Amino acid sequence: MARTSQLLHPQREPAPLRPAATVLLLRDGPQGIEVLMTRRATTASFAPGAYVFPGGGIDAADAQSHGMATRRPRQSDLHLTQAIAAIRESFEELGVLLARHPDRSWADADDIAAIDRQSPPGAFAQQCQARGLTLAADQVFVLAHWVTDRDLPRRFDVPFLVARMPEGQTPVADETEQFEPSWVHPAEALARHAAGQFFMVFPTIRTLERLKAFASVEAVLQACAVNDEPLWTSCPRAGWLAGQEARYMEHEPPFGELALVTPDGQIHHHLDWQTELAVPLLQNLQRLTAPNPGVMTGPGTNSYLVGDPSTGYIAIDPGPADPAHLQRLWRAAGGQIKAIVCTHSHPDHSPGAAPLQALCTHKPPILGLASGPSSRANSRFTPDRALADGEKLVLQGVGSQGDITHTLRVLHTPGHAANHLCLVLEEDGLLFSGDHVLNGSTTVIDPPDGHMGDYLDSLDKLAAACVSGGIEFILPAHGYVLGFAHQAITQLKAHRLRREAKIAAAMQALPQGSLQEWVEKAYDDVPPRLWPVAARSLQAHADHIREQGLLKND
C-alpha cells in the first residue's frame with residue numbers, strides 16, 4: 001500500500017454506509033426480458049428524478065420477520081433479511097406483493113387492498129400473516145451487490161435482487177417516493193438514457209447492461225441460484241475524462257489508477273491520455289507517455305519517474321528516441337535524473353536512454369540487461385551496467401517530514417524478451433511491469449527472443465513477489481495503473497493457459513496445419529485484423545507445447 005505521506009491529496013473519510021435493498025421485478029415480453037422501473041421524486045435526497053428499481057432501507061423489523069417468510073435451503077440470514085426488505089419496499093412503493101397463500105397462489109387484489117401500504121415496517125409482515133400470506137423470499141434472488149461510490153454524500157450498501165413479477169398484479173406507484181411505473185426492455189432503457197430521455201444512475205445502467213445478455217427471466221433466476229451469491233460486487237470509482245465525471249467498475253482499465261491516486265474516492269484525477277505533461281500519480285511518482293500510440297503500444301509507452309526533488313529521480317523506460325518526449329521527461333525531473341533503467345530493449349522502450357543521458361549535466365548510468373543474440377536488430381541494447389536479480393536501487397533525501405527513501409528492487413523476468421526485468425518500489429508496494437503485464441491488452445511473446453515457458457515462470461515469480469512484498473498496484477509500460485495486482489497476474493496466467501489449451505487442441509486436430517490455420521481455430525474470439533500479431537504468440541505457445549510434450553501423439 002502506498003505510503004500516506006506520498007499521496008497527492010489529503011484524505012477524507014467517506015460517508016458511512018446504510019444498509020438497503022432493491023429489487024428488479026422481471027417478466028418475459030415479446031422482445032425478451034422486461035424490467036419494472038419507476039421515476040423517483042424530483043425532491044428525493046438521493047438520485048432525484050432518476051428511473052430506478054423499487055427499494056429502500058433495511059429495517060430492524062425485516063430481520064425479525066424470518067418466520068413469516070419462505071426461504072431456500074442455501075439462502076443466508078442476511079440474504080433472507082434483504083429479500084424481506086425488498087418485498088416490503090416493492091409493496092410500499094408500487095403495491096406489488098411478493099407473498100403467497102398456502103395453496104401457493106399469489107396475493108390478489110383483495111389482499112393488496114386490505115394491507116396498509118403506509119403502515120410501519122414492523123406491521124407489514126404481520127398484516128400479511130393475518131391474511132394467511134407468507135412472504136415469498138425464496139423467490140427473490142441476489143443478482144448483484146453495489147456499494148455507493150466513495151465520493152458521494154449519501155452511501156448505501158445494497159443488493160440488487162431479482163424476482164419474477166407475481167401473476168395477476170398491476171403496479172401502482174405511491175405517488176410520493178415513486179412515479180410512473182413502466183415496463184421496459186433493458187436495451188430500450190439504455191437507448192433512452194443515452195438520448196437524454198430516461199435518466200439513470202451508474203449502478204442502474206451497468207445492471208441493465210448485464211441484464212440484457214439474458215434471454216429470459218428463468219435464465220436470470222437460474223444464474224443467480226447457482227451459488228446464491230451476487231454475480232458481481234462493485235464499489236465504483238470516478239475521475240475526469242474529456243471534462244466530465246466518468247465512473248468505473250473494478251474490472252475496467254482506469255479503476256486501479258483511481259484507487260492508487262485517490263484511495264478515498266475523491267474526484268481529482270484526470271484520465272485523458274496526453275503526452276505534453278507529466279501525470280503525477282503519487283508525490284514520488286510521475287508518468288509521462290510517449291507520443292507513439294498504436295496497435296502494439298496502446299496510448300503510447302509510459303515513462304516513469306520515481307523520486308522527489310530531495311532524492312533525485314530514477315527514470316524507468318525512457319521510450320523511443322523522441323527529442324520532445326525526452327525533453328519533457330528531463331524537465332519533469334528538474335534535470336535531477338540519478339539513473340535510467342530500461343525494462344527491456346524493444347524499440348519503444350530503450351532507444352531514448354542514451355539521448356536522455358546526454359541531456360543530464362551529471363551523466364546518470366543507463367541500467368538494465370544487455371540484449372542477447374536472439375534479439376532483433378532494432379532491439380539491440382547494451383547498458384552501462386547490468387542489473388542483478390534482487391539488486392536494490394536506493395534514492396535517499398530529506399523532505400519536509402524528515403528522511404525519505406525510495407527503494408527499487410530488480411526482478412529478472414524473461415519471457416516477453418530475454419532481457420526483460422521488472423522493478424518493485426518497496427516502500428509503496430508498486431510493481432513496474434514493463435511489457436510483462438499490460439492493462440487492456442495481452443503481451444505478445446515473439447520467439448526466439450520471447451519464450452512462453454520463461455514468461456509463465458516469470459508470472460509466477462511476480463505473483464509470489466506480490467504476496468511477499470504487499471504489492472497492490474502494477475504500473476505497466478502501456479495503459480493505466482492496474483489494481484488488485486496478485487489477482488491480475490493469476491488471471492493473466494490462467495488466460496494464457498486457456499489459450500494454450502485451445503492452441504494444443506488446434507494442433508491436435510490439424511497436425512499438419514499451418515500457423516495460419518491454427519490461428520484461425522485458436523484465436524476465433526479475436527478480430528482477424530489482429531491474427532498476424534496473434535500468430536507470433538501462437539508460435540511461442542506451440543514451442544512451449546512441444547517442449548512440454550503436451551500433444552497426445554508426442
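In this predicted model, the side chain of Arg409 makes a polar contact with the side chain of Glu426, at 2.6 Å. Arg409 itself sits in strand β21, which covers residues 402-412. Is Arg409 buried or exposed? Its relative accessibility is 18%, so it counts as buried, the cut-off being under 20%. Look beyond the neighbours within four places in sequence, and you'll find Arg409 in contact with Gly390, Glu391, Lys392, Cys422, Leu423, Val424 and Glu426.

Now hop over to His344. You'll find His344 in the loop between β17 (337-341) and α10 (353-359). With 1% relative accessibility, His344 counts as buried. Which side chain does the side chain of His344 make a polar contact with? That partner is Asp435, at 3.3 Å. Again leaving aside neighbours within four places in sequence, the contacts of His344 include three other histidines, His349, His416 and His420. Asp317, Ser350, Ala417, Asn419 and Asp435 are also among the residues in contact with His344.

**Rings and their partners**

Next up are the aromatic rings. The count comes to 9 aromatic pairs. Here are two of them, side by side:

| Pair | Distance between ring centres | Angle between planes | Type |
|---|---|---|---|
| Tyr51 and Phe198 | 3.9 Å | 15° | stacked |
| Phe255 and Phe484 | 6.0 Å | 15° | stacked |

Why is the pair of Tyr51 and Phe198 stacked? Their planes are at 15°, and planes under 30 degrees apart count as stacked. Tyr51 belongs to strand β3 (residues 51-52), while Phe198 is in the loop between α5 (186-194) and α6 (202-211), so this pair ties together parts that are 147 residues apart in sequence. Tyr51 is buried, with a relative accessible area of 11%, and Phe198 is buried too, at 0%.

For the other pair in the table, Phe255 lies in helix α8 (residues 255-261) and Phe484 in the loop between β24 (473-476) and α12 (485-509), so the parts tied together are 229 residues apart in sequence. Phe255 is buried, with a relative accessible area of 3%, whereas Phe484 is partly exposed, at 43%.

Rings can also gather in a group: Phe53, Trp146, Phe160, Phe202 and Trp232 form one aromatic cluster. Trp232 has another partner, because Arg210 lies over its face, at 4.5 Å from the ring centre, and a charge within 6 Å can count as sitting over a ring. Something similar turns up at Trp106, where the charged end of Arg100 sits over the ring, 3.9 Å from its centre.

**Helices**

Phe202 from that cluster also brings us to helix α6, as Phe202 is one of the buried residues of α6. How many of the 10 residues of α6 are buried? The number is 8, so α6 is largely enclosed by the rest of the structure. Besides Phe202, the buried residues of α6 are Pro203, Thr204, Ile205, Arg206, Thr207, Leu208 and Leu211.

Finally, take a look at two helices that pack together. Two packed helices are described by the angle between their axes and the distance between the axes. For α12 and helix α14 (residues 531-548), that angle is about 75° and the axes are 10 Å apart. The two helices are therefore roughly perpendicular to each other. On the α12 side, the contact is made by Arg496, Arg499, Glu500, Ile503, Ala504 and Met507. On the α14 side, you'll see Ser537, Leu538, His541, Ala542, His544, Ile545 and Arg546.

Definitions and conventions:
Residues are numbered from 1 along each chain as its sequence is written. This is a predicted model: local features need pLDDT of at least 70, side-chain atom pairs count only at pLDDT 80 or more; totals for chains, interfaces and linings use all residues. Side-chain values use heavy atoms; hydrogens and water are left out. Helices (H or I, at least four residues) and strands (E, at least two) are DSSP runs, numbered from the N terminus. Buried means under 20% relative accessible area, exposed over 50%, partly exposed in between (1.4 Å probe, protein chains only). A polar contact is a pair of N or O atoms within 3.5 Å; within protein, one must be able to donate a hydrogen and the other to accept it, and residues adjacent in sequence count only if both atoms are side-chain atoms. Contact means heavy atoms within 4.5 Å. Rings of Phe, Tyr and Trp (its six-membered ring) pair if their centres lie within 6.5 Å; planes under 30 degrees apart count as stacked, over 60 as edge-to-face and the rest as tilted. A charge sits over a ring if NZ of Lys or CZ of Arg is within 6 Å of the ring centre and within 35 degrees of the ring normal. Axes are lines fitted to C-alpha atoms, for helices over the stretch in contact, and angles run from 0 to 180 degrees between N-to-C directions. Angles under 35 degrees count as roughly parallel, over 145 as roughly antiparallel, 65 to 115 as roughly perpendicular and the rest as oblique.
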